[in-house]
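Visitor: Please take a close look at the backbone of one part of this chain, the loops with less usual torsions, and then say how the helices on either side of that part are arranged.

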Amino acid sequence: MKLLLVSASLLFVTLTDTAAVPLFDFDSPGAVGGLPYRRRSKTALDIVTAFATSGTNSLRFSSAAWQPGMPEWPAFELKPTLRDWRDYDRLVIDITNPSETRFPFKLFVSDSKIPIRQGLQHTFAVPSFGFARCVVPLNTFPDNVNRADIAALHFFTTRPQSDIALHIDTLTLLKKDELAPSPPPAFLQAVAAVSRDAINSVDRTLVDLAQRVVPLCDTPLAHSRAVRGIERIGSVFQTLRRDLAADSLTTETLASVQTELAALSNRTERLVSVLRFQQASLRAGFAESPMLVGTASAMQQILPRDAPLALTPTRTVALRLARNEKESVQLGVLSADTDLHQVRVTASELQGPHGAVFPSSQIECHVTGYVETRRKPPYAVEHIGWWPDPILDFLEPVNIALGDVQSFWIRVRALRDQVPGDYCGTLTVSAGNAPALTLELHVRVYDFSLPDASPLPLAITFSPHDSPLADSHKEQAVWRKEPDYPINAWKRHTAAWADFLSDYFITYDSLYRRSMPDFEILRRLKLRGRLGRFNLGYWFYFEDTPSSRANWQSNTLDRLRHAYEQAEAYGLLEHAYIYGCDEVATNHFTRVEEAAALIRQACPGVPIMTTTYDHSFGLDSGIRSVDVFCPLTPKYDSAKAERARANGRQVWWYICCGPHAPYANMFIECPAIEGRLLMGAMTAKERPDGFLYYQISIWNARRPITTGPFTDWSARSWKNYHGDGAWTCVGPNGKPLPTQRLENFRDGIEDYAYVLELENRLKRCESSATSGWASEARAALRVPETLVSSLKAYTHDPDAVLAWRNRLADLIERAPLQNHADSQ
């Protein structure tokens, strides 16, 4: 890596007692001479008198377009004189990019001992033709980095595709509630000049757009819609031109320019995709109408704004499901002419074989809600803005603004006693100011049933709490005292939440419980056949001192023993586990084993589980008393897991704030299909013994969701993540609301239930073990490489998932068994 080094002694600004601490500025005498390697390569650092957000100078980092033989990662480092960062919660860096080119730009921060790539990592959203005040949260330092000894800031990009030049200035450390100084008016005017050039280039983009849509305007109405769509895009930039010419220019105006420029490509593609959809709708037999309707899989995300349209125009909606199963599809509704009012979707009852009826009460048509992401999270995303997530089962008909697409979540539930066969009815989309559209709804009910409880053991926490950041800690502390704060409001409906969770195969439980389990709820779930696994209580190791051991025995061991005795008295021990030593490092393995051995003696027969970083799964670590090892999915090794199972252990897996792509996860921005694949096809392929998730109820919104579809529910969950640790939302008066991610989680478990049902029937088909059916079944039980090749390589095509699942169902129904009973 080609590295340019800037001496902090030459560039550091003398500290004063002012609120914000300027870490680096570039106005000190001798700063230019302190830059080694100036203009000696195609990567350079210069001190220049342009785009300075304080003083008169900025640091310009430039590189020529990458070519073979050049450094792949143009980079430079800053060495701070101020090494102790413990009192600061943010680092602010001003970045100006006077060119159109966007490119990856990243930062590593570490101490004098930890390798730079193992330190804090941050990815910047580089502006185009503009300025960004970038905030680096300092609460994301790895635990092994010493914040009292920060030694290097390492900036770099990767293989720039064109010549680049960034201006960097005013690196500032901030304490809680402190603000960085505003840029001077001269700087704002300089950026405004660049922004005006960028806005002027939009005219050319709109001319090109007009030429692109000509083939899609084959009716007068389509032509009119195209003209109005282009005019709407253009009017946004006309307004920005006026704002940039105003005397009172602000950073907010510059930020608006950046937002609109960033959205321009998506908006133009959205218009093109809508016109294509209109054209395809006419070909599918729909009449020209102000209301357009299409379908999408439940494994897809329908972004409401500023994204290409992902809908299929069709007059028929088809679903397949087993008895005692839920399966969903989406309808997307939009208008290209005017706002739509009072839009709703309703289902008729379905007529089936021999007079059988599928009741309309088992077909739910709910409005999808949207949450807004406002900052770039610590993982790659293609869109910041509105995302589909909560399912608003309380919301009545909605209005749909011109240009928006509204998703309706159609959830079909087949009862256990539903007569199998093919059913047909209708879905009707109606609006107050547009003719209703009716689609055929076909539902196939398979001749087998799914179980009430999860076929895959689960250990999942539902224990609502918030996760304040430095800039929200004060206000969230106030909210915690309010009865409608979601972490308080849900408690009005504890039993309803437990029932709601069980409908998604999740037991009312907590990995980190230090109090007694709610045995009343657990006993009720047991009676209903819906109880999964539950934790008797959390445990940690003790230090090698008599007092630590004594405290541990009285505070931890006695608590676990009491919970064990209660569970035994209620007949629930077969469902219990004991979880502890969350993500403990290797240097504490001796302590982990000592504690686990004592728990085993006190609570015989209950599995002891850990996510300790023992990637040998007890084979080489000396941990002999733990029954269940649970690695992060990338650390799951099926060969090692088989050897561990031969020694009587189980090996589960888990996800949390990691892994990131290309591994599957369930953040709000992750493709929805990933959750279903993880719980279904990936589980069927790799065969973990269970799945663990640390939390599904980290809520940071001030109020429950009471309106929609665009909600004020906070997309932020744990730290700066979106949806990590939060698969649920809170509705009116504290009642539970699911998310699309939770629905896909359940669908994946149901897919896995198909696999286990086919395996069960294959085992029972001993007399036909060599039949053609048995050969087909064995082949189907091997997860196709085209579906899941590895945990990093898998399909994003919902049709591929459904084809695999339908093949399993067909083989289950054709199993050569006589007088067999459905699995329960």
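**Loop torsions and the flanking helices**

Guide: Arg-687 is partly exposed, with a relative accessible area of 25%. That value comes from a predicted model. The label applies because 25% lies between the cut-offs of 20% for buried and 50% for exposed. Arg-687 sits in the loop between helix 13 (681-686) and strand 31 (691-693). Its phi is positive, near 60 degrees, and the residue is not a glycine. As background, most residues other than glycine have a negative phi, and most peptide bonds are trans.

Lys-719 is another non-glycine residue with a positive phi, here about 50 degrees. Its loop runs between strand 32 (710-714) and strand 33 (728-730). Lys-719 has a relative accessible area of 25% and is partly exposed.

Cis peptide bonds come next. The bond from Gly-658 to Pro-659 is cis, with omega near 0 degrees. Pro-659 belongs to the loop between strand 30 (653-655) and helix 12 (673-679). A cis bond also joins Ala-661 to Pro-662, where omega is about 15 degrees. Pro-662 likewise lies in the loop between strand 30 and helix 12.

On the N-terminal side, consider helix 9, residues 546-569. Its 24 residues span 33 Å from first to last C-alpha, close to the 34 Å expected at 1.5 Å a residue. Helix 9 nevertheless bends by about 35 degrees at Gln-553. Its buried residues are Ser-548, Trp-552, Thr-556, Leu-557, Arg-559, Leu-560, Ala-563, Tyr-564 and Ala-567. An α-helix has 3.6 residues a turn, so residues three or four places apart point the same way. The cover over the buried residues of helix 9 includes helix 8 (519-527), strand 25 (534-535), strand 26 (576-580) and helix 10 (589-602). After helix 9 comes Gly-571, with a positive phi near 70 degrees.

On the C-terminal side, helix 15 (residues 772-781) and helix 16 (residues 798-813) form a pair for inspection. Their axes come within 10 Å and cross at roughly 150 degrees. Angles over 145 degrees count as roughly antiparallel, and helix 15 and helix 16 are therefore roughly antiparallel to each other. Their crossing is left-handed. From helix 15, Trp-773, Glu-776, Ala-777, Ala-779 and Ala-780 take part in the contact. Helix 16 meets them with Trp-804, Arg-807, Leu-808 and Leu-811.

Methods
Residues numbered from 1 in each chain as written. Predicted model: local features only at pLDDT ≥ 70, side-chain atom pairs only at ≥ 80, totals over all residues. Heavy atoms only, no water. Helix = DSSP H or I, 4+ residues; strand = E, 2+ residues; numbered from the N terminus. Expected span 1.5 Å × (residues − 1). Bend = angle between axes of the 7 residues up to and from the residue. Buried < 20%, exposed > 50% of the residue type's maximum accessible area, 1.4 Å probe, protein only. Contact = heavy atoms within 4.5 Å. Axes fitted to C-alpha atoms, helices over the stretch in contact; angles between N-to-C directions. Parallel < 35°, antiparallel > 145°, perpendicular 65-115°, else oblique. Left-handed = near helix turned anticlockwise from the far one by under 90°.
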